[in-house]
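Trainee: Please pick one part of this model and take me through it slowly. I'm new here, so explain the terms as you go.

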Amino acid sequence: MTELAQLASRCHELEEIISERRLQPVFQPIVDLTTGGVLGYEGLIRGPSNSPLHSPVSLFDQAERCQLTVMLDRSCRQVTMERFVELGLSGLLFLNICPATLLAPEHRQGETLAFLQKIGLSAERIIIEVTETTPAACYDSLRLATTHYRDNGFRIALDDLGEGFSNLRLWSELRPDFVKLDKHFVQQLHLDPLKEQFVRSMVDIARQSGAMLVAEGIETQAELRTLQRLGVRYGQGYLLARPSAVPALDLQIHVNGVVWEGGRNRMPWQMQATARDLLQEVPCLTPDVPNEAAYRLFDRDPARFAIPVVKDGVPVGLLRRHHLLESFARPFNRELYGKKPCTTMMDKQPLIVNADLNVHDLSTLVVASEQRYLVDGFIITENGQYLGMGTGFALMRKMTELQISAARYANPLTGLPGNVPLSEAIDRLLEAQLPFVVAYADLDNFKPFNDLYGYAAGDEMICLLARLLVDCADADRDFVGHVGGDDFALLLQSPDWRPRLEQMLQQFDAAVRGMFDPVHLASGGFDMPGRNGEQMHFPLTSLSVGVVRVAPGQFPTHYEVGAATAEAKKQAKKQPGSSLFVERRLAHPAGGLVR
């Protein structure tokens, strides 16, 4: 079959899909990040599940090649609006539309409004989401087209801000009601000051222009909380809810808190990165699809490295690019196997991993497996259902990122964040005007212990303290940092911070006894030369914790917080044995957490 004939066949297939309306709408909630309530839903589209056009990217790419974009776009809008009404979904419906469709001569003005009246849906509930995938030079025409929609009660959203050719000019020209921040600027936002500055600027522009900002691609609590702190009002992403053919009607998201840059389970090397972080949406085939269809997919897309074979949502094999292309290159193989089901050519034992598998464990698994898994990638599932794929390249890149970040920020002994992320975390809390508690933990008589028992024993005691502090803290609300040596700092938002610290002190006193010689335990200490060279008796190593309660507006920067906490630690060390000293002499407003 010639290339022209193949294109004609693929175009005919797409025309049938459109005319028969074999399009599957799915809906992803857009959430108010202040209340957790649902503002509305973005309507997304999928092609037939048993077709190479299942992926929206493949679907619209093929439509562009076949000059069927306007027809496909119209059908997608109609089936999405129909399904939205059938499901009885509340709030707004965000509908994607390409600028090229709005400007196309065959685009029928008034058609969407007439269809809405037919199905009983108000235009005021529809947000026309302009997606920019090509340069838009016809700003005047596009502005006229969107003005027409506005005049009929619709509102306008600008999609993928930060991606594409001229988003900022489109923002200025179209004056949209909503602006959607591209997921590139959301992912790992809490770890990238440049991204944070970009988002902060977009929040300011949105406020000045009267637009509402929606962050796309929210996948972690840290990203969510950073967006809240920066003033982004709305968001969507896998953390909040995945796209679904039947989304939840009573969705309510818990969105309170503040992000820690460098806190427990927050820094890159402690974020428990999983296979989900490597996920790529790779269209799959069903077992009955012929090998020829898979070959055409590989032929059209040189970047497609593999195609999963999925039956009823469960992956059963993997078609590997080099294997299939090499096989079809042999004489008569394409004729022999082209019409046979793809199960005859697939790898029946692909590497399949759960989305929650830690990347360190995944790396070990890939290295221990055959080399083909590193080259061809691995299938990622959730509860046994196909999600997508990951590549060996993406895995290596993620591992490198974790190692670089760890070397940059972590204390080499405990792996806890050091002074840089600690200072940044304090400044973030101060900037957010949130009350919190700072606890400075320091070992008493540690140097004599270290000199008597050796550096290995000293390191063991420091690591013991680090573990107790991490266990003491709330992983979602508190931060544990290693200042250096035997000094640690905790930033606490937990309302029960005092009993947490008191219990930690008791646990330390009980655990540290196992590190002393029985003779020293019996005498309550040990004899060692002091700084002046004379023999001195030192008590058993204990722990002093100085606490400062920080109210909003009380301190300008982390420097002043550090000075106040150091003074509280000195007062704690004046007390015998392990002790907790809470500074009460500093003036601070009453109420809130600081009590």
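Mentor: Let's take a cavity: on a 1 Å grid over the protein atoms alone, that's a set of points where a 1.4 Å probe fits but cannot get out, and its lining residues have an atom within 4 Å of a point. Points are joined across faces, edges and corners, and the volume is the space filled by probe spheres set on them. This is a predicted model, where local features need pLDDT of at least 70 and side-chain atom pairs pLDDT 80 or more, while totals for chains, interfaces and linings use all residues. Numbering starts from 1 along each chain as its sequence is written, and side-chain values use heavy atoms, without hydrogens or water.

There are 4 cavities of 30 Å³ or more, and the largest holds about 70 Å³ of space. Around the largest cavity you'll find Arg10, Glu13, Pro52, Leu53, Gln62, Ala293, Arg296, Leu297 and Arg300. Helices α1 (3-19) and α10 (291-300) each give this lining at least two residues, and α10 brings the largest share, 4 residues. (Helices are DSSP runs of H or I, at least four residues, numbered from the N terminus.)

Now follow α10 to its contact with α11 (residues 321-329): their axes, lines fitted to C-alpha atoms over the stretch in contact, lie 10 Å apart at about 110°. So α10 is roughly perpendicular to α11, a label for angles of 65 to 115 degrees. Asn291, Glu292, Ala294, Tyr295 and Phe298 of α10 meet Arg321, Leu324, Leu325 and Phe328 of α11, with contact meaning heavy atoms within 4.5 Å.

Conventions: 1 Å grid on protein atoms, 1.4 Å probe; cavity = no way out; pocket = protein on both sides within 12 Å on 5 of 7 lines; lining within 4 Å. Axes fitted to C-alpha atoms, helices over the stretch in contact; angles between N-to-C directions. Parallel < 35°, antiparallel > 145°, perpendicular 65-115°, else oblique.
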